[in-house]
Amino acid sequence: MQGEASRYDEWYDTPLGAFVFARELETILDLADLKPGQLVLEVGCGGCVLLERLKALGCQVVGVDPSPFAAEAGRRKDINVIQEIFPPSSLNCRPDLIFQVDVLEHIEDPLSLLRAEAECLDEGGLIVVNVPDCSRSIELGDISMALHQHVNMFDHISLPATLRAAGLDGLGWK
């Protein structure tokens with residue numbers, strides 16, 4: 001599994017990966033309007049690639065990921081990684097922003113995860129969810145996303161419905 005996580009983060013070094021990384025970071029920054037010193041938590045932080053950039057922009061950052069690969073990446077990059085499944089029992093802060101990139105589609109109970117994130121969030125905070133757009137796969141009946149260990153597939157209808165069902169207001173779609 002560690003090898004798989006490592007390959008995923010190495011993908012960010014490819015031209016396509018660098019493009020996707022730039023778009024992911026741009027989206028987070030556009031939506032969150034982050035200021036230096038604000039606390040940002042990433043669920044499923046993997047190699048801490050996005051947290052490293054947000055830290056360089058002056059944010060306080062913390063990752064939550066049960067993977068030993070994530071914990072090691074955090075140590076190398078001087079980023080606090082809580083090596084637990086969200087919500088971690090050792091979380092003692094209330095982030096201004098909680099975000100996840102390509103996580104929700106792997107979660108059997110996405111409503112519980114989203115509700116737990118909302119409970120941990122600071123008042124006036126923001127949750128950013130990034131998932132693959134499976135619209136075309138759903139239209140075609142293509143289940144190949146399951147090969148990537150996806151237990152959920154989201155599109156422009158199901159993702160907002162899931163967020164509403166979790167009790168999250170102020171939905172934005174980008």
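## A tour from strand β4 outward

Select strand β4 and show its side chains: L97, F99 and V101 point one way from the strand, I98 and Q100 point the other way, and all are buried. Please bear in mind throughout that the model is predicted. Five of the five residues of β4 are buried, so this strand is largely enclosed by the rest of the structure.

**The whole chain**

Next, display the full protein chain as a cartoon. The chain contains seven helices and five strands, and along the sequence these elements follow the pattern α-α-β-α-β-α-β-β-α-β-α-α. Of the 174 residues in the chain, 43% are buried. Among contacts with a separation of 6 or more, 55% are made by residues 24 or more positions apart.

**The sheet**

Now select the five strands together. They form an open sheet in the order β3-β2-β1-β4-β5, with parallel pairing. At the edges stand β3 (80–82) and β5 (126–130); each has a single partner strand, so one side of each is left without a neighbour in the sheet. From one strand to the next, the twist averages 20°.

**From β4 to β5**

Keep β4, residues 97–101, and add β5. The two strands run parallel and are joined by five bridges. Two residues of β4 serve as landmarks here. V101 has N130 of β5 opposite it, and I98 has I127 as its bridge partner in β5.

**From β4 to β1 and on to β2**

Hide β5 and select β1 (39–43). Four bridges join β1 to β4, and these strands run parallel. To find the register, locate V40, which stands opposite L97 in β4.

Show the side chains of β1. L39, L41 and V43 point one way, V40 and E42 point the other way, and all are buried. The charged residue E42 is thus to be found on the side of β1 to which V40 also points. Five of the five residues of β1 are buried, so this strand, too, is largely enclosed by the rest of the structure.

Add β2 (60–64). β1 and β2 pair in the parallel sense over five bridges, and L39 stands opposite Q60 of β2.

**Helices on the sheet**

Which strands does helix α2 lie across? Select residues 15–32 to display α2: the helix lies across β4 and β5, and runs at about 155° to β5. Then select residues 49–56, which form helix α3. Helix α3 packs on the sheet and touches β1, β2 and β4; its direction makes about 170° with that of β2.

**Where α2 meets α3**

Finally, leave only α2 and α3 visible. Their axes come within 11 Å and cross at roughly 55°. The two helices are therefore oblique to each other, and their crossing is right-handed.

Show the side chains at this contact. On α2, select F21, E24, L25, I28 and L29; on α3, select V49, L50, R53 and L54. These contact residues divide into seven nonpolar, no polar and two charged.

How values were computed:
Residues numbered from 1 in each chain as written. Predicted model: local features only at pLDDT ≥ 70, side-chain atom pairs only at ≥ 80, totals over all residues. Heavy atoms only, no water. Pairing = 2+ DSSP bridges. Axes fitted to C-alpha atoms, helices over the stretch in contact; angles between N-to-C directions. Contact = heavy atoms within 4.5 Å. Parallel < 35°, antiparallel > 145°, perpendicular 65-115°, else oblique. Left-handed = near helix turned anticlockwise from the far one by under 90°. Nonpolar A, V, L, I, M, F, W, Y, C, P; charged D, E, K, R; others polar. Buried < 20%, exposed > 50% of the residue type's maximum accessible area, 1.4 Å probe, protein only.
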